[in-house]
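This report walks through selected helices and residues of one protein model. Keep the coordinates open while reading.

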Amino acid sequence: MNEEQFKRNYKKAVDHMKTNEQMKKRVEQSLNTQHQGPKRQRKPLYIAASVVIAASIGLAAPSVWQQFNGPATPTPQVAEVTPGASFDPIVIPKMELPDSQGKGAMADMMQLVVYGGNVYTQSPTLLEGANALNLRGEKLGTTTGGINELSGQDKYTELASNIGEADIYTVNGYDKDFRIMSYTEIDGQVYAQLFDKNNGITISSGADLIGKLHLEGNIASAQWETFDSWNNGLQQLQPLTADESLESFISALSAAKPIATSPELEENLYGKEDRKIIYLTLEDKTQVPLVLFGEGLVRYGNVPAFLEVEKGVFQTFWNSLSE
């Protein structure tokens with residue numbers, strides 16, 4: 001594929017992406033939080049931002065890859081993971097800030113906040129504004145805007161961001177080294193967004209990532225969606241019983257083997273359609289999306305690691321997600 005073909009296919013893929021109401025709501029919250037005056041025409045922003053949000057929950061790539069590679073026949077090959085085994089850890093380096101020449105800037109420019117000398121990016125976990133007050137903890141400060149794709153290292157100062165001006169708080173029940181929250185009230189309406197730090201960490205098992213979300217014993221309700229539904233913006237969410245089967249899967253997820261991403265692995269996974277998405281609503285009203293791949297892998301957001309779940313537990317749970 002030459003460069004011109006690549007550009008043409010990429011544009012075609014983006015043009016075919018569809019938004020859903022959940023995405024629109026998050027984008028609208030973000031726009032309102034930025035205090036940028038009268039609302040703009042939102043449709044183009046929805047489309048562009050949906051690409052970013054979809055990427056944040058690990059779903060944008062499939063559409064792109066599907067457009068590149070065409071439909072593929074699902075050939076699930078479930079992984080082999082021994083319960084209780086120890087694994088080689090995956091080290092996710094601290095997110096590099098751009099140097100004085102601008103090198104290293106984040107091309108996709110997800111929403112971010114600099115706190116404690118670290119970069120926190122928009123969380124895949126959703127939180128409705130109406131539920132945010134109960135989770136709002138200690139105020140950490142107020143962000144400044146000004147960061148963009150061309151910002152140099154000197155712009156990445158404490159509480160710098162690309163979300164405009166917003167108050168930043170700790171999140172009750174979560175370690176501030178992992179998660180913080182923006183919280184703004186406008187005319188009585190609350191706009192809140194979670195930011196996670198998933199860089200500068202070591203993942204020795206699923207617990208080092210999933211454990212931070214406090215899923216075990218904390219799921220109030222759950223839903224799931226086929227890839228076809230998500231990919232076509234159908235929002236055909238189906239109920240998922242929060243029972244022992246789901247708890248067993250979450251427990252196995254905590255014990256899962258971490259696997260680092262690679263271009264080859266992502267191309268293989270996102271070139272197929274054998275994926276299912278589950279949405280876990282916790283007792284604290286946060287909603288955690290997880291993407292399941294037929295090969296026995298699970299991904300949270302755009303964290304550059306997959307979790308390989310024990311074969312029997314994964315297959316049982318996968319099979320339970322049927323229409």
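## Leu246 and its surroundings

Leu246 has a relative accessible area of 1%, so it is buried, the cut-off being under 20%. The model behind this value is predicted. Leu246 sits in helix H7. Beyond residues up to four places away in sequence, Leu246 touches Ile219, Ala222, Leu240, Thr241, Leu280 and Phe317. Val313 lies 67 residues from Leu246 in sequence, and the two C-alpha atoms are 9.7 Å apart.

Helix H7 spans residues 244–254. Its buried residues are Leu246, Phe249, Ile250, Ala252, Leu253 and Ser254.

## The whole protein

The protein has 323 residues, and 49% of them count as buried. It has nine helices and 15 strands. Take the contacts with a separation of 6 or more: 72% of them join residues 24 or more positions apart.

## Helix H9 and its partners

Helix H9 covers residues 311–320, and its buried residues include Phe314, Phe317 and Trp318. Seen down the axis of H9, the buried residues fall within an arc of 100 degrees, so they line one face of the helix. A general rule helps here. An α-helix has 3.6 residues a turn, so residues three or four places apart point the same way.

What do the buried residues of H9 pack against? The partners are helix H7 and four strands: S10 (238–240), S12 (275–282), S13 (287–293) and S14 (297–299).

How do H7 and H9 cross? Two packed helices are described by the angle between their axes and the distance between the axes. The axes of H7 and H9 come within 10 Å and cross at roughly 140 degrees. That angle makes H7 oblique to H9. The crossing of the two helices is left-handed.

Which residues meet where H7 and H9 are in contact? From H7 come Ser245, Leu246, Ser248, Phe249 and Ala252. From H9 come Val313, Phe314 and Phe317. Leu246 of this set touches Phe317.

## Polar contacts

Both H7 and H9 have a side-chain oxygen reaching a backbone nitrogen at the helix start. Thr170 also reaches a backbone nitrogen with its side chain. The table lists these contacts.

| Place | Side chain | Backbone nitrogen | Distance |
|---|---|---|---|
| Start of H9 | Glu310 | Gly312 | within 3.0 Å |
| Start of H7 | Asp243 | Ser245 | within 3.1 Å |
| Thr170 | Thr170 | Glu138 | 2.7 Å |

## Thr170 in strand S5

Thr170 belongs to strand S5, residues 167–171. Is Thr170 buried or exposed? Its relative accessible area is 12%, so Thr170 is buried. Neighbours within four places in sequence aside, Thr170 is in contact with Leu135, Arg136, Gly137, Glu138, Leu140 and Lys176. Glu138 is thus both in this contact list and the residue whose backbone nitrogen the Thr170 side chain reaches.

## Helix H8

Helix H8 runs over residues 263–270. Which of its residues are buried? They are Leu265, Leu269 and Tyr270. These buried residues cover an arc of only 110 degrees around the axis, which puts them on the same side of H8. The face turned away from that buried side carries the exposed residues Pro263 and Glu264.

Conventions. Residues are numbered from 1 along each chain as its sequence is written. This is a predicted model: local features need pLDDT of at least 70, side-chain atom pairs count only at pLDDT 80 or more; totals for chains, interfaces and linings use all residues. Side-chain values use heavy atoms; hydrogens and water are left out. Buried means under 20% relative accessible area, exposed over 50%, partly exposed in between (1.4 Å probe, protein chains only). The arc is that of the directions from the helix axis to the C-beta atoms. Contact means heavy atoms within 4.5 Å. A polar contact is a pair of N or O atoms within 3.5 Å; within protein, one must be able to donate a hydrogen and the other to accept it, and residues adjacent in sequence count only if both atoms are side-chain atoms. Axes are lines fitted to C-alpha atoms, for helices over the stretch in contact, and angles run from 0 to 180 degrees between N-to-C directions. Angles under 35 degrees count as roughly parallel, over 145 as roughly antiparallel, 65 to 115 as roughly perpendicular and the rest as oblique. A crossing is left-handed if the near helix is turned anticlockwise from the far one by less than a right angle, and right-handed if clockwise.
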